[in-house]
Amino acid sequence: MRRFMPMVRRLAWHLQGGRDGIEVEDLMQAGLVALTECAQRHNGPGEDGFAAYAKMRVRGAMVDLIRRHVPLSRGAVERRRLMREKAHELTGQLGREPNDTELAQAMGVTLAELEALRASSEPLRFETLDDAYSDSDMAFADDTPDSLALLQDQELRGAVAAAIGDLPERLQMVIQLYFVEELNLAEIAQVLSVSIPRVHQLKAQAIDRLRSALKDVAEIM
């Protein structure tokens, strides 16, 4: 929650944009509720996936809040009337209620635009952070490493750097090009003016030496 708070604040200030009748604090409240729900429900891969998912949900919650506070334009009212009429017309034709795709096609809008029209007529619902917060929820856990973890990480980095420094210069270069510069074997072969099989041999030698040097410190791939 702390890591993504600046994102919520930026979106609130950006979307508020000097609008009358809507406060930045209100937008942030809606965004924080959405962020909490994202943290509790998200099952996607890693933090990068969560960041995109959370930004979309937080922005959507703020836009919905703005729509409910800002009076609908004459055109928006007309589109909502058209939505009701089209839904009624399609129900008569199909003998059932139309699904979202059918209704969107009949209205000549996208599914996202249809959802926005529908959301603008929903009643406003607020939830407090106190209701959403839970001490047992891992979404609110403090993942800051403790002093021991920081010390162990520093020692590991030092051991790895020392082990690489003890390698012959050619093997150091292979490690640098492969793991840091992220070149493939063919590109490394061009840099070193050797064959691809030779690069493979050098890489294997470097990893074997590192594995041996760090066997009591870390596991090397």
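These legends go with a handful of close-up views of a predicted model.

A few ground rules first: residues are numbered from 1 along each chain as its sequence is written, and side-chain values use heavy atoms, with hydrogens and water left out. Because the model is predicted, local features need pLDDT of at least 70 and side-chain atom pairs count only at pLDDT 80 or more, while totals for chains, interfaces and linings use all residues.

**View 1. The whole chain is built from helices, with zero strands.**
The protein chain has 11 helices; helices are DSSP runs of H or I with at least four residues, strands are E runs of at least two, and both are numbered from the N terminus. Of the 221 residues, 25% are buried, where buried means under 20% relative accessible area, exposed means over 50%, and partly exposed is in between (1.4 Å probe, protein chains only). About 14,800 Å² of the chain is exposed, and 52% of that comes from carbon and sulfur atoms; the areas are Shrake-Rupley values with a 1.4 Å probe. Take the contacts (heavy atoms within 4.5 Å) between residues at least 6 apart in sequence: 55% of them join residues at least 24 apart.

**View 2. Tyr178 meets both a ring and a charge.**
The structure has one aromatic pair. Its rings belong to Tyr178 and Phe179, with centres 4.9 Å apart and planes at 80°, so the pair is edge-to-face. For the record, rings of Phe, Tyr and Trp (its six-membered ring) pair if their centres lie within 6.5 Å; planes under 30 degrees apart are stacked, over 60 edge-to-face, and the rest tilted. Tyr178 is partly exposed at 28% relative accessible area, and Phe179 is partly exposed too, at 35%. The charged end of Lys203 sits over the Tyr178 ring, 4.8 Å from its centre; that label needs NZ of Lys or CZ of Arg within 6 Å of the ring centre and within 35 degrees of the ring normal.

**View 3. Helix H5 (residues 100-107) has a buried face and a capped start.**
Leu103, Ala104 and Met107 are the buried residues to look for in H5. Looking down the H5 axis, the buried residues fall within an arc of 100°, so they line one face of the helix; the arc is taken over directions from the helix axis to the C-beta atoms. At the N-terminal end, Asn99 acts as the cap, with a side-chain oxygen 3.2 Å from the backbone nitrogen of Thr101. After H5 comes Gly108, with a positive phi near 75°.

**View 4. Helix H10 (residues 185-192) also lines up its buried residues on one face.**
Ile188, Ala189 and Leu192 are buried in H10. Down the axis they span an arc of 105°, so they line one face. Helices H9 (169-180) and H11 are among what covers them. At the start of H10, a side-chain oxygen of Asn184 comes within 3.2 Å of the backbone nitrogen of Ala186.

**View 5. Val191 and Ser193 sit at the end of H10 and just after it.**
Val191 is partly exposed, at 48% relative accessible area. Setting aside neighbours within four places in sequence, Val191 touches Leu177 and Leu183. Leu177 is 14 residues away along the chain, and the two C-alpha atoms are 9.1 Å apart. Ser193 lies in the loop between H10 and H11 (196-213) and is exposed at 66%. Ser193 has a positive phi of about 60° although it is not a glycine. Most residues other than glycine have a negative phi.

Conventions
A polar contact is a pair of N or O atoms within 3.5 Å; within protein, one must be able to donate a hydrogen and the other to accept it, and residues adjacent in sequence count only if both atoms are side-chain atoms.
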